[in-house]
Amino acid sequence: MSVALKSWRANEGPKHLIMMFWIAVNVFLFWRTFMLYFSGAQYYYLHKMLGLGLCISRASASVLNFNCSLVLLPMCRSLLTFLRGSQRVMGRCVRRLLDKSKTFHVACGVTICVFSVVHVSAHLVNMVSFSVRYSEDFPALNVAQYRGQDPRILIISTVPGVTGVLLVLVLFLMFTASSYCIRVSSYEIFWYTHNLFIVFYIILMLHVAGGALKYQSNVEAHPPGCTHNNLSSWTNHKAAREKGAEFSGAPQTVCQEEAHFQPHFPQTWLWVSAPLCLYCAEWLYRFIRSSTAPVTIVSVVSHPCDVVELRMLMSGFKPRPGQYILLNCPSVSSFENHPFTLTTCPTGKNETFGVHLRVLGDWTLRFSQLLLQKSNSSEILPMMQQRRYPTCGGTIDQII
């Protein structure tokens, strides 16, 4: 085996294995849910009304639930830093995978966007089916109020329809603002639109609580396709014909009672509640950590090519190789945190640490203007004569 192949297997092989496993789980969830709604006895009448639109919409929803639960995990930076630093627990291969967490976050995000398109398209077909195939024998299954009702009215008059439109708008803003050109030209737009994920998850919880799709709860007393005296003769004849085609030679089953339908208990919160709580707890930990250990800017030095050097102090800081600081300046933006690699570490004689930042985007431009607006950029003053620099906060994490 060549050296290049061994190097690729060591560095990229585990990542591709994880991605293949993730793809296999997505395929399994889609296929299992599709077959459940296609051949499940409790969905017999609903499937007869909606057809493949029901199966595709529910199968894509399973994939969306799975990826909405995973997309937050790669953004738990403090947790990843802790795992990466646990050398006795985590091997070198696992730490390489943790370094590629952003790639997995992007893959989950793209999957959410793609299957959202599939999910929305299938539900648009379902809305048409609810209108065209209005059931007079099973009124509990209907979303439309009468046969031939405008599907657009169904969308704007139901909880799943309204929340679905809002979810599409929020997801569209997040996806378009995540493009490379917007992130480079205006990172602030990317930052604020990406934080709409909080709104996205809140609306998602309301979306699944609509209860538009119902399953049959008394399959044993009312087998699918059985005949009932209270149903129309056309429905009995059609059910008998379809059941006879599926089970040739089987005797006709008579219903013991009418079919009862009820909506599913929402399951999305079971998928997303744990990752969402973990992310919120991790964010709260970082906020408390940055508040209890404020960063004091000691000096600012301007270098050629729009490079600014910051020297800072933070109590209780112990330098380790591969560390970076997430810098926050409320005077520029209260919510934005930007990572910078430590270029100067504290020593026995000098307790300051430093970072070099290059003025590229809107945040670094405004931050550098605040730092250099009233001072000689190349002057470093003693501690007793320091000027008042903007208040900053920061948390320090480890890369390797």
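**Reading confidence and burial in a predicted chain**

In this predicted model, confidence within the chain is highest in helix H4 (residues 52–70), at a mean pLDDT of 94, and lowest in helix H13 (residues 233–246), where the mean is 47.

Me: What does the chain average in pLDDT, and how many of the residues, as a percentage, score at least 70?

Reply: The average for the chain is a pLDDT of 81, and 82% of the residues score at least 70.

Me: Where does pLDDT stay under 50, and how should such places be read?

Reply: Where pLDDT is low, the predicted coordinates should not be read in detail. Here pLDDT stays under 50 over residues 243–250, for which the model has six contacts beyond four places in sequence, and again over residues 375–386, for which the model has 15 such contacts.

Me: Turning to helix H4, is Asn 67 buried or exposed, and which residues does Asn 67 touch?

Reply: A residue counts as buried when its relative accessible area is under 20%. Asn 67, which is found in helix H4, has 0% relative accessibility and therefore counts as buried. Leaving aside residues up to four places away in sequence, Asn 67 touches Trp 22, Asn 26, Cys 108, Thr 111 and Ile 112.

Me: How does Trp 269 count in terms of relative accessibility, and what separates its C-alpha atom from that of Val 208?

Reply: Between the cut-offs of 20% and 50%, a residue counts as partly exposed. Trp 269, in helix H14 (residues 268–292), counts as partly exposed because its relative accessibility is 36%. Although Trp 269 and Val 208 are 61 residues apart along the chain, their C-alpha atoms are separated by 8.8 Å.

Terms used:
Residues numbered from 1 in each chain as written. Predicted model: local features only at pLDDT ≥ 70, side-chain atom pairs only at ≥ 80, totals over all residues. Heavy atoms only, no water. pLDDT = per-residue confidence, 0-100. Helix = DSSP H or I, 4+ residues; strand = E, 2+ residues; numbered from the N terminus. Contact = heavy atoms within 4.5 Å. Buried < 20%, exposed > 50% of the residue type's maximum accessible area, 1.4 Å probe, protein only.
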